[in-house]
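Please open the model in your viewer and keep the selection panel at hand for a short walk along an interface and into a core.

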Amino acid sequence: MHSRFARSFESLRDIFAFTERFFVEQEIPEDDRHVVDLAVEELFTNMVKYNADGEGPIDLALEKADGRLTVRLSDREERPFDVSLPREVDIEAPFEARACGGLGLYLVQAMVDSLDYDHADGVSTIVFTRKLG
Amino acid sequence: MFEIDYGEDGVIVIAGRLDAAHAVEAQAFLDAVPSPGTVDCTRLEYISSAGLGILLRTQKRAMSQGGGLTLVNVSGHIRDVFRYSGFDRIFRIEPAPATD
């Protein structure tokens with residue numbers, strides 16, 4: 001299942017409707033959807049924020065096979081930004097020192113089973129997988 | 001869907017999806033709360049890092065006033081996000097009652 005979404009935070013409503021439809025059609029339990037939506041939101045909004053000069057929509061594709069969900073996001077951008085590189089967030093830091101910079105990608109890396117990044121021919125492609133059930 | 005408003009006894013009620021698309025609305029509401037205290041999360045379905053950032057900013061303000069946020073009726077998957085992010089150390093969190 002594949003669709004394209006405008007480069008805007010306002011697209012999140014349509015994105016979540018898209019993932020909901022996929023989960024219903026594929027008969028995937030709702031419990032798995034929270035992590036998938038979170039990872040998609042963090043990666044999508046990252047593309048919106050850090051490729052602000054990008055043109056055209058962002059591609060999102062979902063595929064279920066062998067008890068595993070594979071999610072692919074693709075965006076045209078000149079400068080690579082490898083979201084799979086380890087993010088250091090000190091979750092034990094004192095409250096006063098806590099900030100949210102980098103927290104989104106940190107959460108994605110902690111909550112999905114695999115996360116890969118590729119940049120070729122001016123297109124960034126992010127693929128993550130999540131075991132279902 | 002996203003809603004934020006006052007409930008009974010001045011409790012702040014957050015419902016729906018606290019994501020990046022609703023961050024500005026949520027922050028504006030919370031910034032206008034004089035002394036933020038209890039937040040009822042019974043109908044909060046989803047939270048992302050954008051939502052965590054809003055709660056962190058509100059918590060810092062509340063603690064600077066000598067108070068602090070208490071999040072009540074927090075569902076299991078939202079508690080997971082707090083745990084992964086270490087935010088379970090920052091807020092007082094009361095789980096939602098177990099359901100059959």
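The tour below starts where the two chains meet and ends in the nonpolar core.

This is a predicted model, in which local features need pLDDT of at least 70 and side-chain atom pairs count only at pLDDT 80 or more, while totals for chains, interfaces and linings use all residues. Residues are numbered from 1 along each chain as its sequence is written, chains are lettered from A in the order in which they are written, and side-chain values use heavy atoms, without hydrogens and water.

Select first the 25 residues of chain B that are in contact with 24 residues of chain A (contact means heavy atoms within 4.5 Å). The two chains bury about 2,000 Å² between them, 66% of it on carbon and sulfur atoms (the accessible area, with a 1.4 Å probe, lost on being put together, summed over both). Within the area that chain B buries against chain A, B:Y46, B:S49 and B:Y84 supply 27%, more than any other three residues.

Next, show A:E92 and B:R89, which form a salt bridge with the closest N and O atoms 3.6 Å apart (a side-chain nitrogen of Lys or Arg within 4 Å of a carboxyl oxygen of Asp or Glu); the count between the chains is 2 salt bridges.

Finally, select B:F82, which is among the residues with the most contacts inside the largest nonpolar core, a set of 68 residues (buried Ala, Val, Leu, Ile, Met, Phe, Trp, Tyr and Cys joined through side-chain atoms within 4.5 Å, buried being under 20% relative accessible area with a 1.4 Å probe, protein chains only). Leaving aside residues up to four places away in sequence, B:F82 touches B:I47, B:L52, B:L55, B:L71, B:F87, B:D88, B:F91 and B:I93.

Technical notes
Buried < 20%, exposed > 50% of the residue type's maximum accessible area, 1.4 Å probe, protein only.
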